[in-house]
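Biologist: Please take a close look at a single part of this model, the ligand and the residues around it, and explain carefully what holds there for someone who is new to structures.

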Amino acid sequence: MSEKSVHLPLRSKGKRATFYKDPAVDQLFAIITMLTQELSVAFDRIETVERILDKNGVISRADIEAYKPDEQEETERTQRRDEYIGRIFNILRQEAEALLDS
Amino acid sequence: MSNIRNVGDLLEHAHDERSRQSFVSAFRKRILMDVADDMKVIYDKKVEPKFIKKHGRKPKDAREVRAAMRHEPVYEGWSAMRYNAQIMTWWSVQPAVERQLNELIQAARDATEANPAGGSLELDPNVVIPREVTDLDVHHMPGCFHTEYVEDDVAQGAVYHYGTQVFYGGFGKDVKPKGDVAASIANYLKLARPDFKPERILDLGCTAGANTFPYKEVYPDAEVHGIDVGAPMLRFGHAWAEAEGIPMHYHQRNAETPGFPDNHFDIITSSFFFHELSVPATKKVLKECYRMLKPGGIMLHMELPPTSHTDTYYNFVLDWDGFYNNEPHYQKFRNLDFLKTIQGAGFEKDKIELIRIPNYGSTPREEFEAGARGEEALKREHGLGRVWFTFGGWK
Ligand SMILES: C[S@@+](CC[C@H](N)C(=O)[O-])C[C@H]1O[C@@H](n2cnc3c(N)ncnc32)[C@H](O)[C@@H]1O
């Protein structure tokens with residue numbers, strides 16, 4: 001069995017379309033769409049947490065205010081944020097990636 | 001049935017991945033329904049009247065509509081949304097496929113080894129993969145239908161299969177992963193020709209087989225074959241069919257040189273296939289269909305409706321994919337003279353079929369049956385999967 005890990009490419013082969021006079025607007029559009037998606041994901045996640053806490057009767061808002069992640073957890077959060085930013089701003093990197101590929 | 005894992009539903013998505021997928025589904029629905037409606041309003045109330053004032057007539061074709069709409073903010077926004085949603089569809093499933101690729105591959109190997117349904121998989125590493133597939137990533141799916149990253153790879157099959165569910169996810173219960181198009185064509189044929197008993201059926205460009213399965217369900221006595229050039233699609237499709245207990249016979253072959261004997265199949269079909277081929281390839285494949293078809297058999301392909309069958313505005317909407325979805329042959333295909341093209345492949349003029357088949361899953365049964373008896377119901381309008389345009393003929 002092959003245990004090689006595979007990275008699927010994010011950029012599709014072919015010219016990227018633009019719809020606005022200034023292609024920068026197309027890039028901003030992509031970024032904003034991704035941001036909207038991530039915000040929607042965050043809402044979903046918060047809602048999941050709230051509902052579970054609510055169901056189990058464990059939530060206290062003061063606990064949330066006072067909460068501080070420990071070092072390990074902070075490392076995880078940093079990594080998550082880093083990946084998050086990478087996903088949203090991916091578009092800005094694609095032109096260079098395409099040039100490197102060709 | 002054995003207890004092999006089903007590649008078709010084993011993928012586990014993390015909470016946030018599911019959430020990203022739900023977002024894309026919802027986003028697409030909004031674009032294709034609400035924003036598309038807004039765009040039509042703006043066209044009817046503003047853009048077309050302006051055009052008429054200037055030219056003294058309505059736009060004569062989709063090109064003129066597009067030129068008039070090109071810089072309308074609603075068109076730019078709709079396009080940018082659609083384009084991003086298309087790309088984000090694949091992105092939303094890729095991480096889960098990456099993470100569980102080894103499991104998927106193992107499940108596919110197990111399915112092939114146990115082969116509980118008795119189907120088959122024939123791969124040909126020397127198959128000629130056409131430029132239509134290698135030049136551009138069709139539908140912006142990175143890696144397209146054919147790329148293989150590791151041995152026995154099924155990654156692209158999984159991205160396609162799970163991505164398609166996200167793609168149609170906003171449209172609710174009517175859209176099932178197991179092929180609405182094929183279910184519509186097969187049920188239509190069965191009702192329209194109750195005496196027709198196909199023994200062998202072929203689906204061209206079957207991808208992972210979503211629209212190949214239903215033929216076996218409607219015609220359980222027939223042997224059902226599918227061909228495609230993409231090995232990861234076929235491996236995935238075969239494993240999926242075996243796990244579902246449906247014997248399918250998949251072959252990695254190019255439809256331009258499919259190699260089956262003359263007079264071999266009773267039904268030759270395809271769905272969403274021809275618009276991805278160049279016009280010369282289309283003509284070649286149609287000739288092959290005629291050759292492989294038994295006398296008394298039928299060729300019936302589902303496709304986008306020809307330009308001449310839909311109104312100018314709808315042509316403009318449909319042609320969007322031709323410009324922006326990496327489908328460069330789309331418009332030339334839609335502009336073909338279908339009668340002439342089908343005749344050119346060998347079919348007799350009075351045996352040609354150009355039929356609008358209502359979607360089986362979402363059409364009231366009575367209406368569907370009336371349609372199959374040749375009554376008015378086939379006049380349903382194109383759009384949003386309510387009716388499928390099919391073309392072909394009897395041999
Ligand atoms: C849009 S997909 C078809 C979708 C599929 N029928 C379904 O309903 O799920 C087009 C397929 O045609 C295949 N294809 C393209 N050119 C081909 C050729 N010359 N011979 C065989 N398959 C081809 C591609 O690999 C791809 O899987």
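**The ligand and its surroundings**

Modeller: In the side chain of B:Asn211, an N or O atom lies 2.7 Å from an oxygen atom of the ligand, which fits a polar contact, here a pair of N or O atoms within 3.5 Å. This is a predicted model, in which local features need pLDDT of at least 70 and side-chain atom pairs count only at pLDDT 80 or more, while totals for chains, interfaces and linings use all residues. Residues are numbered from 1 along each chain as its sequence is written, chains are lettered from A and ligands numbered from 1 in the order in which they are written, and side-chain values use heavy atoms, with hydrogens and water left out.

B:Thr207 also reaches the ligand with its side chain, where an N or O atom is 2.8 Å from a ligand oxygen atom. With B:Ser271 the backbone takes part instead, since one of its N or O atoms lies 2.9 Å from a nitrogen atom of the ligand. Of the 610 Å² that the ligand exposes when taken alone, the protein buries 98% (accessible areas by the Shrake-Rupley method with a 1.4 Å probe).

Stepping back to the whole shell, 19 residues surround the ligand, each with a heavy atom within 4 Å of it, and B:Thr207, B:Asn211, B:Asp228, B:Asn254 and B:Ala255 are the closest. Sorted by class, the shell holds ten nonpolar residues, six polar ones and three charged ones, where Asp, Glu, Lys and Arg count as charged and Gly is among the polar residues.

Notes
Polar contact = N/O pair within 3.5 Å; in protein donor to acceptor, adjacent residues only side chain to side chain.
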